[in-house]
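Here is a short tour for someone meeting this chain for the first time. Take a look at the sequence and the structure, and then we'll walk through a few of the details.

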Amino acid sequence: MQKLVRKGAAVAALLVSAVALTACGSNGEVAKPGDGGGSAAPSAGASGSAARVALADAEGAWLGVTDGKPVTLTISKGGQAVVISEAHVCQGTAKEGDTLTLALTCKDGNTDRVSGTIGSADGTQLVVTWDSGKTDTLAKPAASGLPTNMPSLPSLPSLPLQS
């Protein structure tokens, strides 16, 4: 029973973040399944000779699918960052330097997406290479509506009132 509640809570968190992220500004394009995968390599624009990615280039909400699983990344103007993937929610900061890096912490101890580098961000697509070896290719979500094809939430049991 607890496993069902945990899975339901994880699905609810993912849905809430997806809905919240669609309200952030974008250029009207939608991230589509398959628009990024664990094997996607950064474009030539992400090579050492390319211009450095600034924090302003990466700000906003980004959505994609890596290894068949949805990934969301949100970066605020102040550099606060949150990534949600599978049942993992990780938060921390995005910092400018020679490269734009992400330093995050996951409360559940997961380390797949705690340290990474943003190799490219062109306003429509963002590529993050994580120290774990994963690569996320993400796109800006459409600002004009809620996501479609989202799974429905299972019925959750009533919780006892706490006084």
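Which side chains meet in a salt bridge at 3.8 Å, N to O? Those of Arg52 and Glu96 do. The two sit in distant parts of the chain, 44 residues apart: Arg52 is in the loop between helix 1 (2-22) and helix 2 (55-58), while Glu96 is in the loop between strand 4 (88-95) and strand 5 (100-106). Keep in mind that this is a predicted model.

**The overall layout**

Let's step back for a moment. The chain has two helices and eight strands, and from the N terminus on they run α-α-β-β-β-β-β-β-β-β. There are 163 residues in the chain, and 33% of them count as buried. If you take the contacts between residues at least 6 apart in sequence, 49% of them join residues at least 24 apart. The accessible surface comes to about 9,300 Å², and 56% of that belongs to carbon and sulfur atoms.

**The salt bridges**

The structure holds three salt bridges. Here they are side by side:

| Pair | N to O distance | Separation in sequence |
|---|---|---|
| Arg52 and Glu96 | 3.8 Å | 44 residues |
| Asp67 and Lys134 | 3.6 Å | 67 residues |
| Arg113 and Asp136 | 2.8 Å | 23 residues |

Are Arg52 and Glu96 buried or exposed? Neither, quite: Arg52 has 47% relative accessibility and counts as partly exposed, and Glu96, at 46%, counts as partly exposed too.

Now for Asp67 and Lys134, which form a salt bridge of their own. Asp67 lies in the loop between strand 1 (60-66) and strand 2 (69-75), and Lys134 in the loop between strand 7 (125-130) and strand 8 (135-139), so this pair ties together parts that are 67 residues apart in sequence.

The remaining salt bridge joins Arg113 to Asp136. Arg113 belongs to the loop between strand 5 and strand 6 (115-121), and Asp136 to strand 8. Both partners count as buried because they fall under 20% relative accessible area: Arg113 comes in at 5% and Asp136 at 1%.

**Inside strand 8**

Why is strand 8 largely enclosed by the rest of the structure? Because five of its five residues are buried. In a regular strand, side chains alternate between the two faces of the sheet. In strand 8 both faces are covered, with Thr135, Thr137 and Ala139 buried on one side and Asp136 and Leu138 buried on the other.

Strand 8 pairs with strand 7 in the antiparallel sense over five bridges, and Val128 stands opposite Asp136. These two strands form a hairpin with four residues between them, where Gly133 in the turn has a positive phi of about 105°.

**Two more hairpins**

Strand 1 and strand 2 are antiparallel partners over seven bridges, with Thr66 matched to Lys69 in strand 2. Their hairpin has two residues between the strands, and Asp67 in the turn shows a positive phi of about 55°. That is the Asp67 that makes a salt bridge with Lys134.

Strand 2 also pairs in the antiparallel sense with strand 3 (residues 80-85), over five bridges. Here Leu73 stands opposite Val83. This hairpin has four residues between its strands, and Gly79 in the turn has a positive phi of about 95°.

**A word on rings**

How many aromatic pairs does the structure hold? Zero. Still, one ring has a charge over it: the charged end of Lys140 sits over the ring of Trp62, 4.7 Å from its centre.

Conventions. Residues are numbered from 1 along each chain as its sequence is written. This is a predicted model: local features need pLDDT of at least 70, side-chain atom pairs count only at pLDDT 80 or more; totals for chains, interfaces and linings use all residues. Side-chain values use heavy atoms; hydrogens and water are left out. A salt bridge is a side-chain nitrogen of Lys or Arg within 4 Å of a carboxyl oxygen of Asp or Glu. Buried means under 20% relative accessible area, exposed over 50%, partly exposed in between (1.4 Å probe, protein chains only). Contact means heavy atoms within 4.5 Å. Accessible areas come from the Shrake-Rupley method with a 1.4 Å probe; for residues, only the protein chains shown count as cover. Two strands pair if DSSP finds at least two bridges between them. Rings of Phe, Tyr and Trp (its six-membered ring) pair if their centres lie within 6.5 Å; planes under 30 degrees apart count as stacked, over 60 as edge-to-face and the rest as tilted. A charge sits over a ring if NZ of Lys or CZ of Arg is within 6 Å of the ring centre and within 35 degrees of the ring normal.
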